[in-house]
Amino acid sequence: MLENLFRPLYRTTARAFRRARALTSRKVELIDLDAWNNATANYRFVQRLTTEENRRLRLISSDFLARKVIMGAAGFEITELMRLQIAAQACILILELDVDFYDGWREIIVYPGQFAKTHDVIDEFGVVHTTRDPLAGEAWLDGPVVLSHADLAQTADAVDRGDGYNVVIHEFAHKLDMLNGEANGYPPLHRGMSKETWKRTFLAAYLAFCKQVDEADALARRDGGKALDAILIDPYAAQSPAEFFAVISEVFFEMPEDVHETFPAVYQQLKAFYKQDPLARQ
Ligand SMILES: [Zn+2]
């Protein structure tokens with residue numbers, strides 16, 4: 001269906017007008033409302049949206065699906081439900097941005113479960129070991145996003161979903177981060193945002209978080225991992241500034257109060273970057 005409802009989405013600047021025309025000429029098929037509601041009802045970030053925001057997310061997701069190819073790997077079959085769920089989660093990040101933030105690549109590859117990545121690790125004796133780490137998702141610079149369906153299904157399950165865990169939001173946050181090169185936790189900022197403030201805020205939060213994780217880790221043998229469990233944000237975020245940005249983005253949309261409580265200054269930066277205030281939606 002040609003979607004003329006797209007029109008109110010874009011502001012009346014010349015650029016937005018050209019975009020709206022390009023959209024309608026590409027014949028975007030509008031996602032059916034019932035199918036959309038059925039696919040997305042369990043997501044916390046969707047439950048927080050107003051009717052108008054939900055409608056816009058459906059429109060942007062329709063456009064996203066027209067631009068991307070979602071394919072199964074290892075014989076895995078992609079259903080319409082999966083397509084809608086991937087689109088909704090990917091597009092919540094760009095609800096107030098532009099769908100062209102995801103331009104420059106086309107494929108989303110879905111494995112039935114976590115997939116192994118082989119890589120070499122050099123130990124303290126200089127010996128190279130080849131290890132295979134199971135991954136829930138992966139985002140390639142200028143390449144595809146790779147996802148594990150087992151993890152997608154878990155996030156879509158109202159009972160099984162982890163607190164703030166969302167592999168699609170995570171990988172698409174990496175994609176935004178990669179708009180200015182390798183993922184490093186510093187995506188291109190909007191006009192009016194300060195690079196210095198972003199860097200200072202994120203570095204301070206990242207270092208504080210690493211310290212918190214190290215301390216909890218050191219206690220783990222004695223307290224059975226209680227201190228680690230008490231950390232509101234997935235300790236995986238301590239891996240690197242890039243992972244910190246991706247993980248904190250998941251929590252920002254899924255459990256915004258946790259980001260606000262732990263790192264209020266980071267919350268303000270994310271609010272400016274995503275142009276959304278999920279906390280105000282409750
Ligand atoms: Zn990551």
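Two strands are taken to pair if DSSP finds at least two bridges between them. In the predicted model described here, strand β2 (residues 107-111) and strand β6 (residues 145-148) meet that condition, since four bridges join the two and they run parallel. Within this pairing, I108 has V145 of β6 as its bridge partner, and Y111 stands opposite S148 in β6.

The protein that contains this pair has 282 residues, of which 35% count as buried, and its secondary structure comes to twelve helices and six strands. When contacts in the protein are restricted to residues at least 6 apart in sequence, 64% of them join residues at least 24 apart.

Strands β2 and β6 belong to an open sheet formed by four strands in the order β1-β2-β6-β5, in which the pairing is mixed. The edges of this sheet are taken by β1 (69-72) and β5 (137-139), each of which has a single partner strand, so that one side of each is left without a neighbour in the sheet. On average, and with direction ignored, neighbouring strands of the sheet are turned by 15° against each other. In general, the strands of a sheet pair through backbone hydrogen bonds, in either the parallel or the antiparallel sense. In contrast to the parallel pairing of β2 with β6, β5 and β6 pair in the antiparallel sense over three bridges, and E138 has V146 as its bridge partner in β6. The two strands β5 and β6 form a hairpin with five residues between them, and D142, which lies in the turn, has a positive phi of about 60°.

The side chains of a regular strand alternate between the two faces of the sheet. In β6, V145 and L147 point one way, whereas V146 and S148 point the other way, and all are buried. Helix α6 (residues 149-156) lies across β2, β5 and β6, and runs at about 65° to β6.

Burial is also pronounced in helix α7 (residues 167-177), where eleven of the eleven residues are buried, so that the helix is largely enclosed by the rest of the structure. The buried residues of α7 include the nonpolar V167, V168, I169, F172, A173 and L176, together with H170, E171, H174, K175 and D177. The cover over these residues includes α5 (80-92), β5, β6, α6 and α10.

The packing of two helices is described by the angle between their axes and the distance between the axes. For α7 and helix α10 (residues 241-254), the angle is about 125° and the axes are 8 Å apart, and the two helices are therefore oblique to each other. The passage of α7 across α10 is a right-handed crossing. On the side of α7 the contact is made by I169, H170, A173, H174 and D177, and on the side of α10 by A242, F245, A246, V247, S249, E250 and F253.

Residues of α7 also appear among the contacts of L93, which touches I169, F172, A173, L176 and Y274 when residues up to four places away in sequence are not counted. L93 is, with C91 and I248, one of the residues with the most contacts inside the largest nonpolar core, which has 66 residues.

A second helix pair is formed by α8 (residues 195-223) and helix α12 (residues 264-274), which pack at an angle of about 140° with their axes 9 Å apart. That angle makes α8 oblique to α12, and the crossing of the two is left-handed. The contact is made by W198, T201, F202 and A205 of α8, and by A265, V266 and Q269 of α12.

Two further residues illustrate positions that are not buried. A204, found in helix α8, is partly exposed, because 13 other C-beta atoms lie within 10 Å. The C-alpha atoms of A204 and A265 are separated by 9.9 Å, although the two residues are 61 residues apart along the chain. S194, placed in the loop between α7 and α8, counts as exposed because it has 12 C-beta neighbours inside 10 Å, the limit for an exposed residue being 12 or fewer. S194 and Q269 are 9.4 Å apart in space, C-alpha to C-alpha, and 75 residues apart in sequence.

Methods
Residues are numbered from 1 along each chain as its sequence is written. This is a predicted model: local features need pLDDT of at least 70, side-chain atom pairs count only at pLDDT 80 or more; totals for chains, interfaces and linings use all residues. A nonpolar core is a set of buried Ala, Val, Leu, Ile, Met, Phe, Trp, Tyr and Cys residues joined through C-beta atoms within 7 Å. A residue is buried if 20 or more other C-beta atoms lie within 10 Å of its own, exposed if 12 or fewer, and partly exposed in between; C-beta atoms are placed from the backbone. Two residues are in contact if their C-beta atoms, placed from the backbone, lie within 7 Å. Axes are lines fitted to C-alpha atoms, for helices over the stretch in contact, and angles run from 0 to 180 degrees between N-to-C directions. Angles under 35 degrees count as roughly parallel, over 145 as roughly antiparallel, 65 to 115 as roughly perpendicular and the rest as oblique. A crossing is left-handed if the near helix is turned anticlockwise from the far one by less than a right angle, and right-handed if clockwise.
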